[in-house]
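Student: Hi, I have a new structure up on my screen and would like to walk through it with you. Can we start with the overall layout?
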Amino acid sequence: MNLDHVFLCGNPALDLAATLRARRSVRFEMFVSPDRLDAWYLESGIVDAVSASQEADVEQAIAVREAIYGLIKARVAGDAYDGEVLALVNGMARKPPATPQLTASGRWTEATPEEVLATVARYAVELLGGPDVPLLKECGNPECTRVYIDRSRGMRRQWCGMDSCGNKVKAAAYRARKKQARVAEVG
Ligand SMILES: [Zn+2]
């Protein structure tokens, strides 16, 4: 698996939660270094520039990410939030966020890793306390475990993305059908 970040879920809090991939099986970690965390912060579009993360920032981001995922999972399942997990995310959301500044040619957002993380925590609060909760759906690829916002008509979106999951699952189903057809022919 590669370490390129993708943003398929429709909200930065969901995309952050998805940086631990295949949660039920291989549990593939995307934040293997401070560098990969900084790349996520930049590619998320939340900031134009971020001061370099240290190992402690990675640990903090992973802790907040896991707390956010815990809240997402509880909300989707209709379970009560865990008090400690809730306090962690709310505490992070209360910290100073990344703040855009107006410039002569547009705007520019420069922040510390913690400020970006605070912004993501605010996204989590707004998402989970907002009207999009009924649209939250886990990807139809059982291995994937990404949760996204399904804004398609009739909520018929099955995958986090065609490239990431849809084509893979369809190809596997096709191979399985072909194999079965062969078995039928032989028998
Ligand atoms: Zn998926």
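Student: In what order do the elements of the protein chain run from the N terminus on?
Tutor: Happy to help! This is a predicted model, and its elements go α-β-β-α-β-α-α-β-β-β-α-β-β-α, read from the N terminus.

Student: And how many helices and strands does the chain come to?
Tutor: Six helices and eight strands.

Student: What box do the C-alpha atoms fill?
Tutor: Along the principal axes, that box is roughly 70 × 35 × 35 Å.

Student: How much of the chain counts as buried?
Tutor: The protein chain has 187 residues, and 31% of them count as buried. As for contacts with a separation of 6 or more, 58% come from residues 24 or more positions apart.

Student: Which residues of the largest nonpolar core touch the most other members?
Tutor: Those are A13, A17, I68, V116 and A124, in a core of 43 residues. Elements giving two or more residues to this core are α1 (12–17), α2 (34–43), α3 (55–77), α4, α5 (113–128) and β8 (147–149).

Student: Which of them gives the most?
Tutor: That would be α5, with nine residues.

Student: Let me zoom in on V116. What is V116 in contact with?
Tutor: Setting aside neighbours within four places in sequence, V116 contacts Y41, I46, V47, V50, A98 and A111.

Student: Now L86, please. Where is L86 found?
Tutor: L86 sits in helix α4, which covers residues 83–93. Not counting residues up to four places away in sequence, L86 touches L71 and Y81.

Student: Why does L86 count as partly exposed?
Tutor: Because L86 has 17 C-beta neighbours inside 10 Å, and a residue needs 20 or more to be buried, while 12 or fewer would make it exposed.

Student: And how far is L86 from A13, going by C-alpha atoms?
Tutor: They are separated by 14 Å, and they lie 73 residues apart along the chain.

Student: New topic: helix α6. Is α6 well covered or hardly covered?
Tutor: Hardly covered: among its 25 residues, the count of buried residues is one.

Student: What span should helix α6 have at 1.5 Å a residue?
Tutor: For the 25 residues of α6 (residues 162–186), the expected span is 36 Å, and the end C-alpha atoms are 34 Å apart, so the two agree.

Student: Last one: which feature does UniProt place at residues 136–178?
Tutor: An unreviewed UniProt entry places "domain: Zinc finger CGNR" there. In the model, residues 136–178 are 40% helix and 14% strand, and the end C-alpha atoms of that span lie 34 Å apart.

Notes: Residues are numbered from 1 along each chain as its sequence is written. This is a predicted model: local features need pLDDT of at least 70, side-chain atom pairs count only at pLDDT 80 or more; totals for chains, interfaces and linings use all residues. UniProt positions are given in the numbering used here, feature names are shortened, and annotations may be inferred rather than shown by experiment. Helices (H or I, at least four residues) and strands (E, at least two) are DSSP runs, numbered from the N terminus. Two residues are in contact if their C-beta atoms, placed from the backbone, lie within 7 Å. The expected span of a helix is 1.5 Å times one less than its number of residues. A nonpolar core is a set of buried Ala, Val, Leu, Ile, Met, Phe, Trp, Tyr and Cys residues joined through C-beta atoms within 7 Å.
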